[in-house]
Amino acid sequence: MNRRFLLGALPIFAAAPAFAQQLPAIRTVTLSPAPASTTITGSLADTKARALYYVPGQAGQTMNVMVMSPGNNVVFQVWEPGTAARTHADGTLALDGKPMHDAGPTEEPAAWIGALPKSGPYLLVVYSRRDAATYTVTISVTAQ
């Protein structure tokens, strides 16, 4: 009787998804001094892949972000300090926080300039709208 129960349960376990994808590593960006800037290159395996970066900023500074990619298919989002990143059970990225104006999930910019309302690490999320992609992101932060 016990064997039948276990054998009957196997299809249920086999149909369950494998472990959820882990959150991609969040790299902290180091900005060169005056004017504070950096350039990052990377690649994305597909449209589900995300590259995450913490960019240091101070309230009152201006951040400028620009991404370039072959095919112009890579875009980004900028999120305020304190944003928590995690993954859903299906492996998709979940962000709990506040996106910056004109740099959130509905805008998908390739270039953005904005005044920083808070001091702390801003979360930059880079992703592809179509297929695998390589990219170059240029970030600068200047005093207003």
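Two strands count as paired when DSSP finds at least two bridges between them. With that in hand, Met68 in this predicted model can be placed: its bridge partner is Thr136, in strand S10. The two strands behind that pair, S4 and S10 (residues 133–143), run antiparallel to each other and share 8 bridges.

Before going further into the sheets, a word on the chain as a whole. The average pLDDT is 86, and 84% of the residues reach at least 70. The weak spot to keep in mind is residues 4–20, where pLDDT stays under 50. For that stretch the model has just 2 contacts beyond four places in sequence. Secondary structure amounts to 1 helix and 10 strands, and the sequence order is simple to remember: the pattern reads α-β-β-β-β-β-β-β-β-β-β. Of the 144 residues, 35% count as buried. The exposed surface comes to about 8700 Å², with carbon and sulfur atoms supplying 58% of that area. As for contacts with a separation of 6 or more, 79% of them link residues 24 or more positions apart.

Back to the sheets, starting with the one that holds S4 and S10. This is an open sheet of 4 strands, ordered S2-S10-S4-S8, and its pairing is antiparallel. S2 and S8 sit at the edges with a single partner strand each, so each has one side without a neighbour in the sheet. On average, neighbouring strands here are turned by 15° against each other, direction ignored.

The other 4-stranded sheet is also open, but its pairing is mixed and its order is S1-S3-S9-S5. Its edges are taken by S1 (26–28) and S5 (74–79); each has a single partner strand, so one side of each is left without a neighbour in the sheet. For this sheet the average turn between neighbouring strands is 30°, again with direction ignored. The edge strand S5 pairs with S9 (residues 120–128) in the antiparallel sense, over 6 bridges. Within that pairing, Val75 has Tyr127 of S9 as its bridge partner.

A further antiparallel pair is made by S6 (residues 84–87) and S7 (residues 93–96), joined by 4 bridges. Ala85 stands opposite Leu95 in S7. The two strands form a hairpin with 5 residues between them, and in the turn Gly91 takes a positive phi of about 90°.

Thr83 lies in the loop between S5 and S6. Its relative accessibility is 8%, and the cut-off for buried is under 20%, so Thr83 counts as buried. The side chain of Thr83 reaches the backbone oxygen of Glu80 at 2.7 Å. Leaving aside residues up to four places away in sequence, Thr83 touches Leu95, Asp96, Gly97, Lys98 and Leu123. One of these, Leu95, is the residue that stands opposite Ala85 in the hairpin strands.

Backbone angles give a couple of entries worth checking on screen. Most residues other than glycine have a negative phi. Asn72 is not a glycine, yet has a positive phi of about 50°. This residue is found in the loop between S4 (61–68) and S5, and with a relative accessible area of 58% Asn72 is exposed. Asp102, another residue other than glycine, also has a positive phi, near 70°. Asp102 belongs to the loop between S7 and S8 (111–115); at 41% relative accessibility, Asp102 is classed as partly exposed.

Finally, there is Pro35, in the loop between S1 and S2 (36–44). Pro35 is exposed, its relative accessible area being 56%. Along the chain, Pro35 and Ala143 are 108 residues apart, while their C-alpha atoms are separated by 8.7 Å.

Note on methods:
Residues are numbered from 1 along each chain as its sequence is written. This is a predicted model: local features need pLDDT of at least 70, side-chain atom pairs count only at pLDDT 80 or more; totals for chains, interfaces and linings use all residues. Side-chain values use heavy atoms; hydrogens and water are left out. Axes are lines fitted to C-alpha atoms, for helices over the stretch in contact, and angles run from 0 to 180 degrees between N-to-C directions. Buried means under 20% relative accessible area, exposed over 50%, partly exposed in between (1.4 Å probe, protein chains only). A polar contact is a pair of N or O atoms within 3.5 Å; within protein, one must be able to donate a hydrogen and the other to accept it, and residues adjacent in sequence count only if both atoms are side-chain atoms. Contact means heavy atoms within 4.5 Å. pLDDT is the predictor's confidence in each residue, from 0 to 100. Accessible areas come from the Shrake-Rupley method with a 1.4 Å probe; for residues, only the protein chains shown count as cover.
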